[in-house]
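Below are some notes for a colleague looking over this model, set out as numbered points. Please read them beside the sequence and the structure.

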Amino acid sequence: MVLFDYEIAPSNINGLGVFTKEKIKKGTVVFKSSKTLDLELTKEEFNKLSIEEQKEFIHYGYLDKISNTYKLDFDTSLRFLNYSEHGNIYQDKDHKETYLVAKKDIEIGEEVTFDYLEVMEKSWFDLEFNKNIE
């Protein structure tokens, strides 16, 4: 669940992105997962899905290397959260559930970005984005 006012708009990074409509101070929690709404699967549960379901999950979800589970967020706005090696939010590893926190002050109109590799296995990233990054 996104915890700040935002809009989805064209991005210079890729397609559409999430842009804040309010100033966000460093250390502010900007997203938290919902055990009620979000889907979390063990590797065994994921492997029981059909190939078509796995492909859909790979496109919209991710393998969280912190919890070692497959996650699919109910909040579809996160699907527009673009990758940046120098993202301005990060996952707080001190929480069992997913919490995304501002790494720095984020100004009104600034795109909110995330380094997916903080939580996503590189092989999963490569599979979804067909990239080979170091």
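**Notes on a loop glycine, the cores and a cavity**

1. Gly27 sits in the loop between strand S2 (16-20) and S3, strands being DSSP runs of E, at least two residues long, numbered from the N terminus. This is a predicted model, in which local features need pLDDT of at least 70 and side-chain atom pairs count only at pLDDT 80 or more, while totals for chains, interfaces and linings use all residues. Residues are numbered from 1 along each chain as its sequence is written, and side-chain values use heavy atoms, with hydrogens and water left out.

2. Gly27 is partly exposed, its relative accessible area being 48% (buried is under 20%, exposed over 50%, partly exposed in between; 1.4 Å probe, protein chains only). Not counting residues up to four places away in sequence, Gly27 touches Val101 and Ala102, where contact means heavy atoms within 4.5 Å.

3. In the largest nonpolar core (buried Ala, Val, Leu, Ile, Met, Phe, Trp, Tyr and Cys residues joined through side-chain atoms within 4.5 Å), which has 19 residues, Phe4, Val30, Leu81, Ile89, Leu100 and Phe114 touch the most other members. Strands S3 (29-32), S9 (99-102) and S10 (111-114) are the elements that give two or more residues to this core. A second, separate core of six residues includes Phe57, Ile58, Leu63 and Tyr70.

4. Leaving aside neighbours within four places in sequence, Phe114 is in contact with residues including Leu81, Tyr83, Ile89, Leu100 and Val119.

5. By class, what lines the largest cavity? Its lining has 10 nonpolar, one polar and no charged residues, among the lining residues being Val2, Phe4, Val30, Ser77 and Leu100.

Technical notes: Helices (H or I, at least four residues) and strands (E, at least two) are DSSP runs, numbered from the N terminus. On a 1 Å grid over the protein atoms alone, a cavity is a set of points where a 1.4 Å probe fits but cannot get out, and a pocket is an open set with protein on both sides within 12 Å along at least five of seven lines; lining residues have an atom within 4 Å of a point. Ala, Val, Leu, Ile, Met, Phe, Trp, Tyr, Cys and Pro count as nonpolar, Asp, Glu, Lys and Arg as charged, and the others, Gly among them, as polar.
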